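Me: Could we go through the pockets and surface of this model together? I will ask short questions as I look at it.
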Amino acid sequence: MRDEACIFCKIIAGEIPSYTIYEDEDFKVILDVNPASKGHALILPKHHCADIYEIDEDTASKAMRLAKRLALHMTKQLECDGFNILQNNHEVAGQTVFHFHMHLIPRYQNAKNKDILMWNHETFSAEEMAEIRDRLKSK
Ligand code: AMP
Ligand code: ZN
């Protein structure tokens with residue numbers, strides 16, 4: 001299943017070049033063209049789905065298992081000091097390509113760019129925290 005207008009579907013089909021670091025029947029893993037750090041990579045499921053809301057649970061599980069394996073492999077090969085795994089959904093959350101992907105971002109102690117994933121904190125009152133908990137708690 002592919003979306004004709006989707007750039008990641010075109011990369012998966014080999015119609016747009018990429019630096020592929022891993023491929024199997026379900027996924028292609030490529031280097032990000034605008035890397036946040038050395039080795040920044042993207043796990044792309046081969047079947048088009050837009051985001052976490054659309055992806056089936058089996059593929060999502062496989063993607064996380066692959067992220068685990070690649071985190072070990074990339075950390076060893078790149079000798080990085082830490083690792084972020086990031087996944088954006090919808091424009092408001094920073095998603096710019098609407099084909100599900102997981103960012104694999106190696107982190108380096110001596111990197112110039114350290115504030116890759118910084119955010120400001122929000123504050124909620126005790127009542128608000130309780131209300132949020134009650135709304136989210138599984139019954
Ligand atoms: P997101 O903002 O989570 O949707 O991430 C999309 C990512 O795709 C960005 O980090 C882009 O740099 C990356 N990207 C966009 N086009 C390409 C491409 N042709 N090859 C590799 N990475 C790309
Ligand atoms: Zn796609």
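Me: Which residues lie nearest the centre of the largest pocket, and how many residues line it?
Reply: The lining has 30 residues, and Phe 8, Asp 32, Val 33, Asn 34 and Leu 42 lie nearest the centre. A pocket is an open set of points on a 1 Å grid over the protein atoms alone where a 1.4 Å probe fits, with protein on both sides within 12 Å along at least five of seven lines; lining residues have an atom within 4 Å of a point. This is a predicted model, in which local features need pLDDT of at least 70 and side-chain atom pairs count only at pLDDT 80 or more, while totals for chains, interfaces and linings use all residues. Residues are numbered from 1 along each chain as its sequence is written, and side-chain values use heavy atoms, with hydrogens and water left out.

Me: Which elements give two or more residues to that lining?
Reply: They are helix 1 (7-12), strand 2 (27-31) and strand 5 (102-107). Helix 1 supplies the largest share, three residues. Helices (H or I, at least four residues) and strands (E, at least two) are DSSP runs numbered from the N terminus.

Me: How much space is in there, and what is the lining made of?
Reply: The largest pocket holds about 540 Å³, and its lining divides into 17 nonpolar, eleven polar and two charged residues.

Me: And the second largest pocket, how many residues line it?
Reply: It is lined by 13 residues, with Arg 107, Tyr 108, Ala 111, Asn 113 and Lys 114 nearest its centre. Its space is about 180 Å³. Five of the lining residues are nonpolar, three polar and five charged.

Me: Changing topic: which residues form the nonpolar patch on the surface?
Reply: Phe 124, Met 129, Ile 132 and Leu 136 form it, with about 390 Å² of accessible area together. Such a patch takes residues with over 30% relative accessible area and no salt bridge, nonpolar side chains being joined within 5 Å and like charges within 9 Å. A salt bridge is a side-chain nitrogen of Lys or Arg within 4 Å of a carboxyl oxygen of Asp or Glu.

Me: Why does Leu 136 count as exposed?
Reply: Leu 136 does so because its relative accessibility is 66%; exposed means over 50%, buried under 20% and partly exposed in between (1.4 Å probe, protein chains only). Leu 136 belongs to helix 3 (residues 126-136).

Me: Which phi value does Glu 79 have?
Reply: Phi of Glu 79 is near 55°, a positive value in a residue other than glycine. Glu 79 sits in the loop between helix 2 (57-78) and strand 4 (82-86).

Conventions: Chains lettered and ligands numbered in written order. Points joined across faces, edges and corners; volume = space filled by probe spheres on them. Nonpolar A, V, L, I, M, F, W, Y, C, P; charged D, E, K, R; others polar. Areas by Shrake-Rupley, 256 points an atom, 1.4 Å probe, with all protein chains shown as cover.
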